[in-house]
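Here are some short exercises to work through with the model open beside you. Try each task before reading its solution.

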Amino acid sequence: MNARHSKIFYTVQDYLMILCGTLLYGFGFNAFILSNGIVTGGLSGICALIFFATGGLIPVSVSYFVINVALLVVALKILGIKFLLKTIFGVFALSGSLSFFEWLFQGEPLLHDQPFMSIIIGGILCGTGLGLVFSANGSTGGTDIIGAVVNKYKNISIGRILLFCDFIIISSSYLLFHNVDKIVFGLVEMFVSNYVLDVVLNGNRQSVQFLIFSQKYDEIADRIIHEIGRGCTILDGVGGYSKKPVKVIVLLAKKSESVAIFRLVKRIDHQAFISQSIVRGVYGEGFDQIKT
C-alpha cells in the first residue's frame, strides 16, 4: 500500500469510526435516556430540555442540528478546516442517528420501569460512542467543541472539561421538572459516560516515548515535526550485531497521538523498527508544567 492509498484508507477508517460512534450514541440516548425522561449533559441535554419544555414539539435532532450550525463557526476559526470537515460529518451523522432512533423507539424506553439500569447502560453506550468519535479526531459538535478547544491549549482531559459543562446543564433541569430524582439519575449518567469516554481514549493525559529505527530517519523526523507538531531528537548508535552505524529517533508525545505517529512511520518506511513505552511524567513545553 503506497502513501496515497494508505492516507485514503486511514481517512475512510476515521469517518467510519465517527459514524459508528454517532450510531452508538443515538441508540443509547434515545433507547435508555430520553425515553425515561432523563436530561443528560452536553448539547444533547440542552436539546432534551427544549424537547420537554415544548411538549415534544421540537425534536432533539432538530434543535441539535440548528445550534451546531453556529458552533461550527468556532471550530473553523480555532481548530482548523480538517477538524471542521470531520465535525460537519459528525453533526450530520449524529443528527441523523438521533432522528432515526427517535422514529424507531417513538419515545418508548427499551427497558420499562428500570430507570437506574437504563441510565447505566445509556451512559456506557453514549460514552463509548463519544470515545470512538474523539479517537478518530472528530467531534459531534456541541460541548464537544468546547472540550476539544480547551484540550488543544491546556493539558486537561476532554472528559473533565465535559464533566463541568454537563453538571451545569443537568442541575438546571430542576427549573423544569422540580424533581431531584431526575437530577440524580442525570448526574449518575454523566459520571458513567465521562468515565467511559476517558477509558476509550486510553487516558488522554498519558504520555509515551518512541524509539524509531529507520534508514529514512530524516524524512520521518521532518514529517513528525510538521505534521504531528512534535519535536524529536536523532541519536547516533551502533548495531550490536552488525557493528554498523544507525540513527535513532527519540520522540515524546501524548498517547492520543500514538496512532497518528504509527501511521506516519508506516507510510514512509514499513520496515521501520519502533519501540513505544509509557512514561510516568513529561514536563516542559507541550506537556505538563514543572511543579515545585
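## Exercise 1: Strand partners

Val208 has Ala253 in strand 3 as its bridge partner. The model you are looking at is predicted.

Task: Find out how many bridges join strand 1 to strand 3, and in which direction the two strands run.

Solution. Start with the ranges: strand 1 covers residues 207-213 and strand 3 covers residues 245-254. Next, count the bridges between these two strands, which comes to seven. Finally, compare directions: strand 1 and strand 3 run antiparallel.

Now repeat the steps for strand 4, residues 273-279. Strand 1 is joined to strand 4 by seven bridges, and this pair runs antiparallel. For a position to click on, take Phe213, which stands opposite Phe273 in strand 4.

## Exercise 2: The second largest pocket

Task: Which strand gives the most to the lining of the second largest pocket?

Solution. Begin with the space itself, about 310 Å³. Then go through the lining, which includes Phe213, Tyr217, Pro245, Val246, Lys247 and Asp269. Strand 3 gives the most to this lining, with three residues. Last, sort the lining by character: four residues are nonpolar, three polar and four charged.

## Exercise 3: The largest cavity

Task: Which residues lie nearest the centre of the largest cavity, and how many residues line it?

Solution. First, search the whole structure: one cavity of 30 Å³ or more turns up. The largest cavity has a volume of about 190 Å³. Its lining has 22 residues, and Tyr25, Gly41, Gly42, Ser44 and Leu130 are nearest the centre. Two or more lining residues come from each of helix 2 (42-53), helix 5 (115-135), helix 6 (143-153), helix 7 (158-172) and helix 9 (180-200). Helix 9 contributes the most, with five residues. By character, the lining of the largest cavity splits into nine nonpolar, ten polar and three charged residues.

## Exercise 4: The largest nonpolar core

Task: Which helix supplies the largest share of the largest nonpolar core?

Solution. The core has 18 residues, and Tyr25, Phe29, Val60, Tyr64 and Leu98 have the most contacts inside it. Helix 1 (3-33), helix 2, helix 3 (60-78), helix 4 (81-105) and helix 5 each give at least two residues to this core. The largest share is that of helix 5, with four residues.

Now set two spans against the record. UniProt, in an unreviewed entry, lists residues 12-34 and 116-136 among those for "transmembrane region". In the model, residues 12-34 are 96% helix and 0% strand, with end C-alpha atoms 31 Å apart. Residues 116-136 are 95% helix and 0% strand, and their end C-alpha atoms lie 31 Å apart.

## Exercise 5: Backbone and exposure

Task: Is Gln106 buried or exposed? Where is Asp113 found?

Solution. Gln106 lies in the loop between helix 4 and helix 5. Its relative accessible area is 56%, so Gln106 is exposed, given a cut-off of over 50%. Asp113 is found in the loop between helix 4 and helix 5, and at 78% relative accessibility Asp113 counts as exposed.

Then check the backbone. Most residues other than glycine have a negative phi. Phi of Gln106 is positive, near 50 degrees, and Asp113 has a positive phi of about 60 degrees.

For contrast, look at Val200 in helix 9. With a relative accessible area of 25%, Val200 is partly exposed. The C-alpha atoms of Val200 and Gly129 are separated by 9.1 Å, although the two are 71 residues apart along the chain.

Technical notes: Residues are numbered from 1 along each chain as its sequence is written. This is a predicted model: local features need pLDDT of at least 70, side-chain atom pairs count only at pLDDT 80 or more; totals for chains, interfaces and linings use all residues. Side-chain values use heavy atoms; hydrogens and water are left out. On a 1 Å grid over the protein atoms alone, a cavity is a set of points where a 1.4 Å probe fits but cannot get out, and a pocket is an open set with protein on both sides within 12 Å along at least five of seven lines; lining residues have an atom within 4 Å of a point. Grid points are joined across faces, edges and corners, and a volume is the space filled by probe spheres set on the points. Ala, Val, Leu, Ile, Met, Phe, Trp, Tyr, Cys and Pro count as nonpolar, Asp, Glu, Lys and Arg as charged, and the others, Gly among them, as polar. Two strands pair if DSSP finds at least two bridges between them. UniProt positions are given in the numbering used here, feature names are shortened, and annotations may be inferred rather than shown by experiment. A nonpolar core is a set of buried Ala, Val, Leu, Ile, Met, Phe, Trp, Tyr and Cys residues joined through side-chain atoms within 4.5 Å. Buried means under 20% relative accessible area, exposed over 50%, partly exposed in between (1.4 Å probe, protein chains only).
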